[in-house]
Amino acid sequence: MRKSIIVLGASFIKLAQVLATRADFFDEEYLEELKRLHDELPPMEEKEFESVFTQAFKKNPFAYFDKTPIASASIGQVHRAVLKNGKEVAVKLRRFGIEKRIRSDIKILRSINFIFRPLFSEYTKNSIEAVINEFADMIVQEVDLSRELYNLKKFSKTYAHCNILFPTPYEENCSEDALVMSYMDGVRFDDKKALKELGIDFHPILERLINFYAEQMLVVGLFHADPHPGNLLVDKKENLILLDFGMVKRIDNETRIAIIEMIKSAYEKNYDLYITSAKRLGVIAYEAPKAAMAELVENMFEIFSDEHLSAINMQRLAFELLESMRDLPFKLPQEAIYILRASAIIEGLGTTYIENFNGVKDILPILQKNIPRALGYKDSLFEMILEEIKESPYVAKDFKTTIKKASEGNLQVEMSPLQIEWLKKETKEYLRPIVLSFAVMLLAIMLVELGGVWQGVGVILFAAAFLKLLFIS
């Protein structure tokens, strides 16, 4: 399986990196092989390596460079080196011809989607389209290492307060083909044996990681979308180290608020509000029946909230419930794809150490603690009151403006893009048979004009189309 995925290339490797964290889906034998897809892929051949190295470094800045990579992934490979000033560094070189291969993958995916698109439901079509578009946008950015340099600098500055370690880049030696940064020493996040030998307790490290992702997704809106174990290290001092900034996403404010609402309503077991916020996020279609969806969500949460349920039984029940949801209008919006991917990886890391670990009973309470900060609440009551006093003149002004517009008949109601999309779809479906009926009636009139045998056919067609119009009304 691992070898087949390597042959298929970067696109399938990205998917398999998520599967490699899922101890609740695969036996240990499979996981051991899949984990190698994080950073143990076959390295570039010597000729390819020489070509990339020469293009990246016009003048060799290294006193020492180890040509054997310490990690080799889908987009690039990492080497240990020492700069001429004596600094020990990690050098990431992008693979030879990777951009061309990635663009070919994208063309193939879009061609396959074009051929098979008519076979899928409206929701499946939209979801597949979103996955392909998001994958295409992200992976093209990921192969440009100058973009990764920008992301690394942005992350280091934005999250300097989060007690997470990031590599220091050496910009003068960086380019599209190479990223030179400080060498970070540590053990992989999922290496249970090594963490045990270092005497490191996994639980506080995991909680720190979840809190960090809550900060990224709920508070700031800039998040690292690829937290697989090859990119997460723990050092001897129990510091969490984050590597590889090729997949970094910005979450727009509307999406961030929808996620906050989903977490809050899930924690409070307000399933009607959960469905409303899921519709805002776009995961559930706007026209989906609210009561039926809320009941299904409640059943799902009951399964995952059970402390005593084994991972195997939990998985079986969850899949049975998902099977019953097959025909319901779920979608996968482009904004949510990498959020769900990162969430699945983090949940999978938890299952490595805790058998029935899951997002509802183990992650949700930690996320809930971050909701006040995500909503902009201050640490003290005095600060909150002061903030409200400062905002009150603006609130009063907005209220006055709204009342004035309403009295003048100029009040406008804004609709979300999802509501507009649903209205377009409903209007299209309603108008289609009407337009078709009028077209048939026009054809029928033309046939009547021809006379002869066509006259009778025309009368029958006109009558059928007219009855169809009456039935629609």
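User: Which exposure class does Glu 171 fall into?
Analyst: The model is predicted: local features need pLDDT of at least 70, side-chain atom pairs count only at pLDDT 80 or more, and totals for chains, interfaces and linings use all residues. Residues are numbered from 1 along each chain as its sequence is written, and side-chain values use heavy atoms, leaving out hydrogens and water. Buried means under 20% relative accessible area, exposed over 50%, partly exposed in between (1.4 Å probe, protein chains only). Glu 171 has 41% relative accessibility, so its class is partly exposed.

User: How far apart in sequence are Lys 153 and Glu 171?
Analyst: The two form a salt bridge, their closest N and O atoms 3.1 Å apart; the term means a side-chain nitrogen of Lys or Arg within 4 Å of a carboxyl oxygen of Asp or Glu. Helices (H or I, at least four residues) and strands (E, at least two) are DSSP runs, numbered from the N terminus. Lys 153 sits in helix 7 (residues 145–158), and Glu 171 in the loop between strand 5 (164–165) and strand 6 (178–182). The pair links distant parts of the chain, with a separation of 18 residues.

User: Which residue forms a salt bridge with Lys 67?
Analyst: The closest N and O atoms of this pair are 2.8 Å apart. Lys 67 lies in the loop between strand 1 (62–65) and strand 2 (71–72), and the partner is in helix 4 (residues 46–56), 17 residues away. That partner is Glu 50.

User: Which helix holds the partner of Lys 369?
Analyst: Lys 369 bridges to Glu 207, with the closest N and O atoms 4.0 Å apart. Lys 369 itself is in helix 15 (residues 359–369), 162 residues from Glu 207. At 59% relative accessibility Lys 369 is exposed, whereas Glu 207, at 33%, is partly exposed. Glu 207 belongs to helix 9 (residues 202–220).

User: What distance separates the end C-alpha atoms of helix 5?
Analyst: Helix 5 covers residues 98–116, which makes 19 residues. The expected span is 1.5 Å times one less than the number of residues. That gives 27 Å, so the expectation agrees with the end-to-end distance of 27 Å.

User: What arc do the buried residues of helix 5 cover?
Analyst: Ile 98, Ile 102, Asp 105, Ile 106 and Asn 113 are buried. Their arc, taken from the directions from the helix axis to the C-beta atoms, is narrow enough to put them on the same side of helix 5. On the other side, Lys 100, Lys 107, Phe 114 and Ile 115 are exposed. The buried set covers an arc of only 95°.

User: What is the relative accessible area of Asp 226?
Analyst: Asp 226 is in the loop between strand 8 (222–224) and strand 9 (232–234). Beyond residues up to four places away in sequence, it touches Lys 14, Gln 17, Asn 231, Met 247, Arg 341 and Ile 345; contact means heavy atoms within 4.5 Å. Asp 226 is buried, because its relative accessible area is 1%.

User: Which strands are the edges of the four-strand open sheet?
Analyst: Two strands pair if DSSP finds at least two bridges between them. The sheet order is 5-10-9-7, with mixed pairing. An edge strand pairs on one side only. The edges are strand 5 and strand 7 (187–188).

User: Which residue stands opposite Arg 188?
Analyst: Strands 7 and 9 run antiparallel and are joined by two bridges. Across from Arg 188, in strand 9, is Leu 233.
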